[in-house]
Amino acid sequence: FQNNNLLFVKINLFKMKKYIGMGLVIMALFFVGCSNEDSSEGSASGTITATINGTPWKGSKIVNVSLIQVKSIGEQRFDISAQDGKQMLSLAFSSEITTKGMPVRTYSFDNDDALFLNTYLIGNSTFTEHSPVSGQLTITAMDADKKTISGTFSFQNEKVGTLQTEIVTPEMVNVTEGVFTNLSYKVITEK
């Protein structure tokens, strides 16, 4: 019985380190002052769709699509956020800096190079009640000249708490058949 408790503690510490590590990377990149933002401002175009717990979902508003490059540490992160007025999906994935945007490959939560969130939109507030369990995102096309990206994604998040009482959220959120097509993005660089 004591060995099972020790194993449980080790697994939870591993998960906590993983979340803290990804969280610190995300926070560090988020709070980095941007010294040079690409001049191609404008609204994002393209489409993003998925199936959430068996129900079709379409991002009617693309909130953010950006490639953030931090040259001093040689890292870059790509962020995609879209919502339908009730729920927002946020995808983030990272790699070493390349000259042609993000490498065309698969990114995974298990490999610590991808993070997936679902957030509920209620009134003027947002609530993130689920934490990532697994997920994968594959870039199928990246055009650094036109600044567009396409790919597929799926992920599973589990409920970690209740932050509001207006809607009942599921214990597990299963996002499948995720597709983003020709999303236009902006590039933000930090020297």
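**Close-up views of a predicted model**

**View 1. The surface of the whole chain.** About 10700 Å² of the protein chain is exposed, with carbon and sulfur atoms supplying 55% of it (Shrake-Rupley method, 1.4 Å probe; for residues, only the protein chains shown count as cover). This is a predicted model, in which local features need pLDDT of at least 70 and side-chain atom pairs count only at pLDDT 80 or more, while totals for chains, interfaces and linings use all residues. Residues are numbered from 1 along each chain as its sequence is written, and side-chain values use heavy atoms, leaving out hydrogens and water.

**View 2. The fold.** Here you can follow 1 helix and 13 strands (DSSP runs numbered from the N terminus: helices are H or I, at least four residues; strands are E, at least two). Along the sequence, the pattern opens with α and continues with β.

**View 3. The N-terminal stretch.** Over residues 1–42, pLDDT (the predictor's confidence in each residue, from 0 to 100) stays under 50. The model has 33 contacts beyond four places in sequence for this stretch (contact: heavy atoms within 4.5 Å). For the protein chain, the mean pLDDT is 82.

**View 4. The second largest pocket.** Which residues lie nearest its centre? They are Ile52, Lys86, Gln87, Tyr120 and Ile167, from a lining of 16 residues (a pocket is an open set of points on a 1 Å grid over the protein atoms alone, with protein on both sides within 12 Å along at least five of seven lines; lining residues have an atom within 4 Å of a point). Strand E3 (55–58) and strand E8 (114–122) each give two or more residues to this lining.

Methods. On a 1 Å grid over the protein atoms alone, a cavity is a set of points where a 1.4 Å probe fits but cannot get out, and a pocket is an open set with protein on both sides within 12 Å along at least five of seven lines; lining residues have an atom within 4 Å of a point.
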